[in-house]
Amino acid sequence: AARKAYRASIIHSIGDPAEVGLEASYEYYEDGLLVVTDGQIESLGDAAVLLAHLPEGTEVIEYPDALLTPGFIDTHIHYPQTGMIASYGEQLLDWLNNYTFPAENAFRDPAHAAEVAGVFLDELLRNGTTTALVFGTVHKQSVDAFFGAAQQRNLRMIAGKVLMDRNAPDYLTDTAESGYNDSRELIERWHGKGRLHYAVTPRFAPTSSNEQLAAAGQLLQEYEGLYMHTHLSENRDEVEWVKSLFPQCDGYLDVYDHFNLLGERSVFAHGIHLCDDECKRLSETGSAIAFCPTSNLFLGSGLFNLPKMEQHRVRVGLGTDVGAGTSFSILQTLNEAYKVMQLQGAKLNPFKSLYLATLGGARALRLDDRIGSFANGNDADFVVLDYNATPLMRYRMAQAKTLDEKLFVLMMLGDDRTVRETFAAGESVHRRD
Ligand code: GUN
Ligand code: FE
């Protein structure tokens, strides 16, 4: 067997602090060893103990002054918006019309799509993100390009073609029928192939007709293990618009519910302006929310109420939501999440942050039997975080005495420079410098 061992300080989440308490939510080895065989986790423990049992000749790679964690999980991002990140001045609906739709039009060209898919995946890996739930564009070739690039790098990725048949420019719409047929074709080609999964992806309620939302529900019925990925309750004008477009429904979430789009593999981005009944319905259907703080602040959408989701036991993962989000870095996303909580008089503990970035994301995506922690047999997707990444980080770390303090500093000061190396299925896929 192809076996390698990695020696560093190692931490991983094993439970949600909101459910099991902080102390029981993680395992930490100050001088740890992660043993990887054939792309999977073979064992994790104290280096002093495990080194004695390693087969003769096993290569041991050492990372001093570093913290090894599971790869980060981004539960909501748009790869076609890579080139329009940081577009000035608008809130959601004008931002879509003025910047987003024109940028997405370019993905009718497969060569452009392939180029951006490569740039995008390399940027994710530079930031330590090894799995993401990803929007394509309305063009099926955008998804072929994305999955092709993900397959080349052997990454666990979920993506889908946007369904959008109204309230968008003519150059960027499909029909209920063509959207259904194109999705089927992509599902047959990619879903369950290696580490790839397909997500049925209606953009959001305003851009799909009743017929198209019904077709999305039909796809979910016809295939095993498909995801459903869309936006929900992000912006107040959007929420009002949905109410006027679907007067027969009882609010925004009920539109999706009406077309059978809620469920254990359904992930809704944002969910900022939800009432208690909507949270309850998300919880009882096992649906998940992607918390996207940099995007919510950038577009002025509002403040996500994480404690409310915990009370209702709704699964939550973190999303960057690039290009409305302003960073590919899950560390930077945690920095902004912390501030969003502060503005609401709440705290985001660093162990909860670690959970959201890894195991919590894996649970939101129902992939916690493969990724998000170092359980034996899991995919060996992990990152090496550098405590000395920058002069300021080094200086601040020298003052940090406890593990939670060090973690917190990583999350507040960290970004792509913090990620020394990224591994996917046991192979190095990014190395800094
Ligand atoms: N709602 C519908 N489409 C989008 C999008 O592309 N980005 C964000 N942030 N919200 C949306
Ligand atoms: Fe989004």
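## A tour of the sheet, the domains and the ligand shell

Start with the open sheet of seven strands, whose order is S3-S2-S1-S4-S14-S15-S16 and whose pairing is mixed. Keep in mind as you click around that this is a predicted model. Colour the two edge strands next: S3, at residues 40-46, and S16 each pair on one side only. If you look along the sheet, the twist from one strand to the next averages 35 degrees.

**Stop 1: the S1, S2 and S3 end**

Select residues 3-13 for strand S1 and residues 26-37 for strand S2. The two run antiparallel and are joined by 10 bridges. For one pair to label, pick histidine 12, which has glutamate 27 in S2 as its bridge partner. As a reminder while you display the backbone, strands of a sheet pair through backbone hydrogen bonds, in either a parallel or an antiparallel sense.

Now add S3. It pairs with S2 over six bridges, again in the antiparallel sense. Label leucine 33 and you will find glycine 45 of S3 standing opposite. Then move to the turn: the hairpin of S2 and S3 has two residues between the strands, and aspartate 38 there takes a positive phi near 50 degrees.

**Stop 2: two domains**

Zoom out and colour by domain. The domain assignment puts 3-71 and 373-431 in domain 1, and 72-328 in domain 2. Their C-alpha centres are 30 Å apart. Each side brings 13 residues to the contact: 13 from domain 1 and 13 from domain 2. Which elements give two or more residues to the domain 1 side? Select strand S15 (419-424) and strand S16 (427-431) to see them. Coloured by class, the residues on that side of domain 1 are six nonpolar, three polar and four charged.

You can also overlay a record here. An unreviewed UniProt entry carries the annotation "domain: Amidohydrolase-related" over residues 68-429. In this model, the span 68-429 is 44% helix and 18% strand, and its end C-alpha atoms lie 15 Å apart.

**Stop 3: around ligand 1**

Centre the view on ligand 1 and show the side chains around it. The surrounding residues are His78, Leu92, Leu96, Thr100, Arg203, Phe204, His231, Glu234, Ser295, Asp321 and Ala324. Which helix supplies the largest share of this shell? Highlight helix H3, residues 92-105, which contributes three residues. Sorted by class, the shell holds four nonpolar, four polar and three charged residues.

**Stop 4: two backbone details**

Two loops are worth a last look. Select alanine 86, in the loop between strand S5 (72-78) and H3. Although alanine 86 is not a glycine, its phi is positive, at about 65 degrees.

Finally, go to glycine 323, in the loop between strand S13 (315-318) and helix H13 (330-342). Is the peptide bond from valine 322 to glycine 323 cis or trans? Check the omega angle: the bond is cis, with omega near 5 degrees.

Definitions and conventions:
Residues numbered from 1 in each chain as written. Chains lettered and ligands numbered in written order. Predicted model: local features only at pLDDT ≥ 70, side-chain atom pairs only at ≥ 80, totals over all residues. Domains from an automatic or database assignment. Contact = placed C-beta atoms within 7 Å. Helix = DSSP H or I, 4+ residues; strand = E, 2+ residues; numbered from the N terminus. Nonpolar A, V, L, I, M, F, W, Y, C, P; charged D, E, K, R; others polar. Pairing = 2+ DSSP bridges. Axes fitted to C-alpha atoms, helices over the stretch in contact; angles between N-to-C directions. Near = placed C-beta within 6 Å. UniProt positions renumbered as here; feature names shortened; annotations may be inferred.
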